[in-house]
Amino acid sequence: MLREMRTHKFHKGSYLLCRVVCAPDRKVSTELMVEDPDGTVVFLALYNFPGLFQAVQNTLNAFLPMGQLLAIREPWMKQPAAGDGNSMIRVDCPSDVMFLSGSEPLLAGVSWRDLLPVIPYRYDSALKLKAQGTALYKSNLLIPAARLWSLAMTKDASIPELLLNRSQAYNTLGWYEAALRDAEGFIANFASSPLVFKAVYRAAVAEYGLGLYANARARFETLTENTGKSWIEKCNRRLAEAVSAEYDWVDLVQSSKKDIPTVDVANYTGPIKVCPIKGKGGGRGVVATREVRTGEVLVVSKAFASMFSSELVKGEHIVAMNLITKRIDDASRLGLVHKVVEKLHGCPERSGLVLNLYGGPEFPHSPDSYDPTLRVDVHLQTPLVYAHDLDVTRIGRIISSNAFGTGDPNPSKRAADTEPVSEDPNENHFRDRGSCLHTLPSLFNHACHSNAVWHSLGDVIAIRATAKIAAGEEVTISYINGTSETIRTKHLRSWFDGGCNCVLCIADRNDSDIARSRRDDSLKKWWETGQKRFRSMPSNSQADQMIEGVIKNIGSTYRTDQVIRLGMSYIYMEAMKHYQRRWVLGGNVQFASKSLRHGFEALRCAGFTVLDVELTEGAASTLTKLPISEDNTGCNMVEKDESITTMLLISHLFAAWNKPIRAKRWFRAAYWVHDAYYGGGKAVFDIRMREEMRFLQFSPHITDIESGQD
């Protein structure tokens, strides 16, 4: 009873029996008033509850109607933060809440002091439960509907529509294991029913959702042509994707621009494997199983769960302090926790995919390998009845350590919510459109100078090699951006202590503390005020003097043997554009030469191996040779589109200077880097670089990448 409970204590081994006595409300948590059998009332806050993130009132009422009986496992009562007011009960793990129908043994002998005039649902008849579930389903209240159909089956399992209806609800929720089990149960138990074709269809849809495309295709082939033809074609496309990464990259890019960019593709795993790697946070990582070429696709992964800003309630602003990362989480990150909890509840077979990810040293050590096999010992029986405990603290840590942001796939046209926060590459360069939790991609370890890169296409991540990778070599990706090793190390503490030990970071740390501090201060001043002041200089000569002074000042903070100079890359890019404008406006060829040389330096500082820095026109025999090495696509700490744009500007300068062979070679270099980084060939290049191409107005002769090829 409530009167026996003490504040700030978990009541181990006990349940609080209560019922809802008023309509629920919602803020970050779902809030309601409940009473115990003695009539004592208390405020109850439910966090992370499946289906209730930013729920509207109709949904809240369907989940927690007046009179709904609850049993709270090992309840925790707390005082309000301000220290005054009434006590409350907070529940963070939804598996600590039992929904009762009134017939459970737990309720034997329990009487309530007061009678409630409201009966939430009629549990006395299977047909009544079926009808109530159908009404909820028609209102798109899928979880409450499936729960009532489940209760109806406990009273009368001979009603065939119950399995069929519940299978449809589970498919819509993405709970495909449960949907498949229900559909196959209908086929086995009601084989003579005229509705069996619906069960076959729903079983095939569930297998498609599970990635069992061959099985799904075989089922669709038994259906009528009108029903199965389009699905068979989709299964064939998914099978090709899963085997050989034959994706329609243009469709992927276009699909990722939708308001809620969930993309229908198969997962692909290339020449990689997970294996133990000592000294890493999770004790494992990803290595290549054979030699990998630059630009090769390594992984394409659909998110386990995703939450996009476009899914959020408009006009409602929710933030919370993440005590793990020490940063403010926005609504999409909070919503992702709800989505993962909901998925683990509906698909307990997949719990190992998430719980075997690294969540910090305080949780069980991650296994050395990563087994994607689904569990066979747990299944969803009834919605809101949990097949296993959900440790929300651990889930939150896993998400904080592994979630990926989802940026805009088209840099030429940023959405309003992805405008640059700052031009400083040490800041979050663009606000995310949302958050996704991916399983296999989460096992790639970090390196600032990584040999692979990830980019998001809606709820899909593609990981490509950005350098040649030897068999057995670890494959790494960059978790962050930034030119400053000090700031990168600070950000990386969200994942691990000690900073990064890649060649770039070691080289930076080999500089003196004075040099690094002066470099960071100078770059910070440049991004805060210097760049703006430079662009508004009243005379070209003053601008020349300022940019060359910045180059000399920041350049002096690097050792002469340092090849990659990330901060300098951006400064050289700025200088290149400046001298290009001077040449275009004044016609003085020395500025064309100066602009090109600054462009070459920008690429060198960004990690590219520039093979040809000649300014005179090249021989026709060199047309098929790139002016950069194909061993890598530079350092991934530098925004790749900036480097691609730099190559396009170099090409444009050569074209305007009437050096078409060099112009074409540099255009091909830009195209090659873009294709190695993003894939999709010329079609995706034309989509992503549309604004740059429109501005530069290349002649078709320069952009014809097919002519002159071997």
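Which residue in β21 does Ala452 stand opposite? Select Ala452 and Ala465: Ala465 in β21 is the residue opposite Ala452.

This is a predicted model, in which local features need pLDDT of at least 70, side-chain atom pairs count only at pLDDT 80 or more, and totals for chains, interfaces and linings use all residues. Residues are numbered from 1 along each chain as its sequence is written, and side-chain values use heavy atoms, with hydrogens and water left out.

**The sheet**

Next, select 460–465, which is strand β21. It runs antiparallel to β20, and 6 bridges join the two. Strands (E, at least two residues) and helices (H or I, at least four) are DSSP runs numbered from the N terminus; two strands pair if DSSP finds at least two bridges between them.

Widen the selection to the open sheet of 4 strands, ordered β10-β13-β21-β20 with antiparallel pairing. Its edge strands, each paired on one side only, are β10 (268–269) and β20 (452–457).

Add 660–678: this is helix α20, which packs on the sheet and touches β20 and β21. Contact means heavy atoms within 4.5 Å. The direction of α20 makes about 125 degrees with that of β21; axes are lines fitted to C-alpha atoms, for helices over the stretch in contact, and angles run from 0 to 180 degrees between N-to-C directions.

**The helix pair**

Move to α17 (566–586) and α18 (589–605), whose axes come within 8 Å and cross at roughly 160 degrees. The two are therefore roughly antiparallel (angles over 145 degrees).

Show side chains at the contact: Tyr572, Tyr579 and Trp583 are among the α17 residues, and Phe591, His598 and Cys605 among those of α18. The contact residues divide into 13 nonpolar, 5 polar and 3 charged.

Key:
Parallel < 35°, antiparallel > 145°, perpendicular 65-115°, else oblique. Nonpolar A, V, L, I, M, F, W, Y, C, P; charged D, E, K, R; others polar.
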